[in-house]
Amino acid sequence: MKIYKAADYKEMSRKAANIIASQVILKPDCVLGLATGSTPIGTYERLVSLYKEGNLDFSNVKTVNLDEYKGLPRTNDQSYYYFMHENLFDKVNIDPANTNLPDGMEPDSDKECARYEELIESLGGVDLQLLGLGHNGHIGFNEPADAFDKVTHCVDLQESTIEANKRFFASADDVPKQAYTMGIGTIMRAKKVLLVVSGEDKADIVAKAFFGPVTPAVPASILQMHGDVTLVADAAALSKIPQ
Ligand code: F6R
């Protein structure tokens, strides 16, 4: 694992965007695996700037997102579809037909998960997967569990997640109760993984996930077994790793 220590969130975002940009420059028709959440917002902003400056061309890039709420229409501003369009897709020259997320409005979980897994395979797999890190070590919606989930699947959101997300909705009843997510196996099949982490509140989990035992109780710890992982984190997030 390569670890890049950035001074702050801004430098972390620039570094991560540069790594994604080099992937796009070296392979203009690459498949990017993308994440939502607060951490990659600065990375997407920087990618948009690189595009606007004429340094990056997304016209042949394909994307697959990690996850999506089940039962939330694309038009809902809390859907990951909405997030991706708002933060990246509508601001660069990517072909919308080349962008993919799990379809949250497909009620048949088995059908949707199989479709998404096959889609990733038909694209030739993910060249570079961008990930954020949850406070409990989750990646995508893969929460701590007894075993690693292999493929794209439907998860029941934990009560704590619903509670934490209800501020974004009219009421707790409106918060989706399920989500579709790539599995740990899907993520591990990506050729390269780029993880962005920021903030002191993530320092404990960074140390646990990357310097502790590999266990499904800390889903991100499996990344220790991947051959090409780059962690780009700010000094605060790296403050508890062994020197
Ligand atoms: C987002 C995702 C999540 C987030 C994680 C960290 O698509 O899959 O695993 O990466 O919850 O979120 P932030 O960046 O908001 O701390």
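In which helix is the place of S13? S13 belongs to helix 1, which covers residues 9-26. The model shown in these views is predicted, so that local features need pLDDT of at least 70 and side-chain atom pairs count only at pLDDT 80 or more, while totals for chains, interfaces and linings use all residues. Residues are numbered from 1 along each chain as its sequence is written, and side-chain values use heavy atoms, with hydrogens and water left out.

**View A. S13 in helix 1.** Helices here are DSSP runs of H or I with at least four residues, strands are runs of E with at least two, and both are numbered from the N terminus. S13 counts as buried because its relative accessibility is 4%, where buried means under 20% relative accessible area, exposed means over 50%, and partly exposed lies in between (1.4 Å probe, protein chains only). Between the C-alpha atoms of S13 and G54, which are 41 residues apart along the chain, the separation is 19 Å.

**View B. The residues around the ligand.** The ligand is surrounded by 14 residues (each with a heavy atom within 4 Å of it), and the closest are T39, D67, H138, G140 and K202. This shell divides into four nonpolar, eight polar and two charged residues, and in this grouping Asp, Glu, Lys and Arg count as charged, Ala, Val, Leu, Ile, Met, Phe, Trp, Tyr, Cys and Pro as nonpolar, and the others, Gly among them, as polar.

**View C. Atoms that approach oxygen atoms of the ligand.** A polar side-chain atom of S38 lies 2.8 Å from an oxygen atom of the ligand, and for H138 a polar side-chain atom lies 2.6 Å from a ligand oxygen atom. In G140, a backbone N or O atom is found 2.8 Å from an oxygen atom of the ligand. Of the 410 Å² of accessible area that the ligand has on its own, the protein covers 84% (Shrake-Rupley method, 1.4 Å probe).

**View D. H226 in a loop.** H226 lies in the loop between helix 7 (203-211) and strand 10 (229-234), and H226 counts as buried because its relative accessible area is 12%. A polar atom of the H226 side chain lies 3.4 Å from the backbone oxygen of M188.

**View E. K191 in a loop.** K191 is placed in the loop between helix 6 (184-188) and strand 9 (192-197), and K191 counts as partly exposed because its relative accessibility is 42%. K191 and Q129 are 62 residues apart in sequence, and their C-alpha atoms are 7.9 Å apart in space.

Technical notes. Polar contact = N/O pair within 3.5 Å; in protein donor to acceptor, adjacent residues only side chain to side chain.
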